[in-house]
Amino acid sequence: MEQRYPFYIQAPMVFIGLYLFFYFMHLLQEIIVPFAFAGLIAILLNPIYNRLQKWNINKILSIVLTILLAILVVAGIAFFLSSQIAQFGEMLPQLKTKAVSLIHDLQSWLAVKFNVSNEKQTSMVNDALNEAMNSGKTYVGKTLNTVFGIVSFFVLIPLYVFLLLYYKPLILNFIFEVFDENNSAQVAEILQETKGAVQSYIVGLMIETSIIAALNSAALLILGVKYGLLLGVIGAILNLIPYIGGLIAIILPVLISFITKDGITTPLLIVGAYMLIQFADNNIIVPRIVSSKVSVNALISILIVLLGGTLWGVSGMFLSIPFVAVLKIIFDRIDELKPWGKLLGDKMPEDAPRQVVDPKEVG
């Protein structure tokens, strides 16, 4: 007979277990984060690897060619961004001079309107900048806080991808053997849906990023904002962070327009254009392109992105949505966990659950 503990004992045990789980996840981030990225990349590259295998190319050579193709794509994007950043660097002295002039005018206006001395303003700004810098370093540092962390992203990820593709049959065989033979069909269905969901999600994100980069760049170039192409691409990359990155992406071109142009017309037009692009992204592009077989509702998305950022920094933000999508697939296939799967999803129930009402209260 199964022994059941009272709630006041179960609840602390659950919280202690969750605390230990997330503590070890945070402690082992330099190992887990690269492996998680490698897993997503391996799933994404799996169709290319399978195609090369069908052409009777040697297994090891197929994996090497697949990884080299991915590296070439990443290197091409990095080369494009570096060339744009180099042009931006040439204008830094001019931008610095204009920024100093604008800050001086702003300080004078604040001193007259609000009777705040320049010294106090400088102290407040320095405190805010120091806090922002420390927060930024903390967030980024959770991913690249040691030499090992940096090396892992450029060495371990390709190595993990190679090994995951090479040992794919061994891993799949292990997963099937862990579960009862009667559940083989269900396990196969979960694996197939997980692979399809991750692949469609990542490919959808790549297409969405390309479209947003084109729209951002076009809007900034039409408005005459300097480095519009670079800022548009950076904004599209930041947009990969759900709900939060899009807001951060607006700040950069607005600041540049304040420094390089006079008046507030252009900054206001930039805000309007980016809001229009965000509306199209959230209501047209994402539902038609990014939405995969698994959809996670906005509330859970925001919460999980913030939790991922707290746990693993920027990497956690990127990994959070695919992680929850995989969880939803598993929850939807297990009867006891189906309510949790529904909670994660965005499908609203057709009929609200009926409340049990005492007839005496009605009468």
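**Aromatic pairs and a nonpolar patch**

Let's start at the surface. Eight names here: Ile 16, Tyr 19, Leu 20, Tyr 23, Phe 24, Leu 27, Leu 28 and Ile 31 make a nonpolar surface patch of about 820 Å². Keep in mind that this is a predicted model.

Which helix gives the most to that patch? Helix α1, residues 7–27, with six residues. Phe 24 lies in this helix.

Now the rings. Within the patch residues, Tyr 19, Tyr 23 and Phe 24 also form one aromatic cluster. The structure holds six aromatic pairs in total. Take Tyr 23 and Phe 24. Their ring centres are 5.6 Å apart, and their planes stand at 70°. Over 60 degrees counts as edge-to-face, so this pair is edge-to-face.

Next, Tyr 166 and Tyr 167. This aromatic pair is edge-to-face as well. The numbers: 5.0 Å centre to centre, and 90° between the planes.

Are these four residues buried, exposed or in between? Take them one by one. Tyr 23 has a relative accessible area of 40%, so it is partly exposed. Phe 24 is at 46%, again partly exposed. Tyr 166 comes in at 30%, partly exposed. Tyr 167 is at 40%, and it too counts as partly exposed.

One last contact, back at Tyr 166. Which residue lies over the face of that ring? It is Lys 59, at 4.5 Å from the ring centre. So Tyr 166 pairs edge-to-face with Tyr 167, and its face has Lys 59 over it.

That's the tour. Happy to take questions.

Key. Residues numbered from 1 in each chain as written. Predicted model: local features only at pLDDT ≥ 70, side-chain atom pairs only at ≥ 80, totals over all residues. Heavy atoms only, no water. Phe/Tyr/Trp six-rings, centres within 6.5 Å; stacked < 30°, edge-to-face > 60°. Buried < 20%, exposed > 50% of the residue type's maximum accessible area, 1.4 Å probe, protein only. Lys NZ or Arg CZ within 6 Å of the ring centre and 35° of its normal. Patch = residues over 30% accessible without salt bridge, like charges linked within 9 Å, V, L, I, M, F, W, Y side chains within 5 Å. Areas by Shrake-Rupley, 256 points an atom, 1.4 Å probe, with all protein chains shown as cover. Salt bridge = Lys/Arg side-chain N within 4 Å of Asp/Glu carboxyl O. Helix = DSSP H or I, 4+ residues; strand = E, 2+ residues; numbered from the N terminus.
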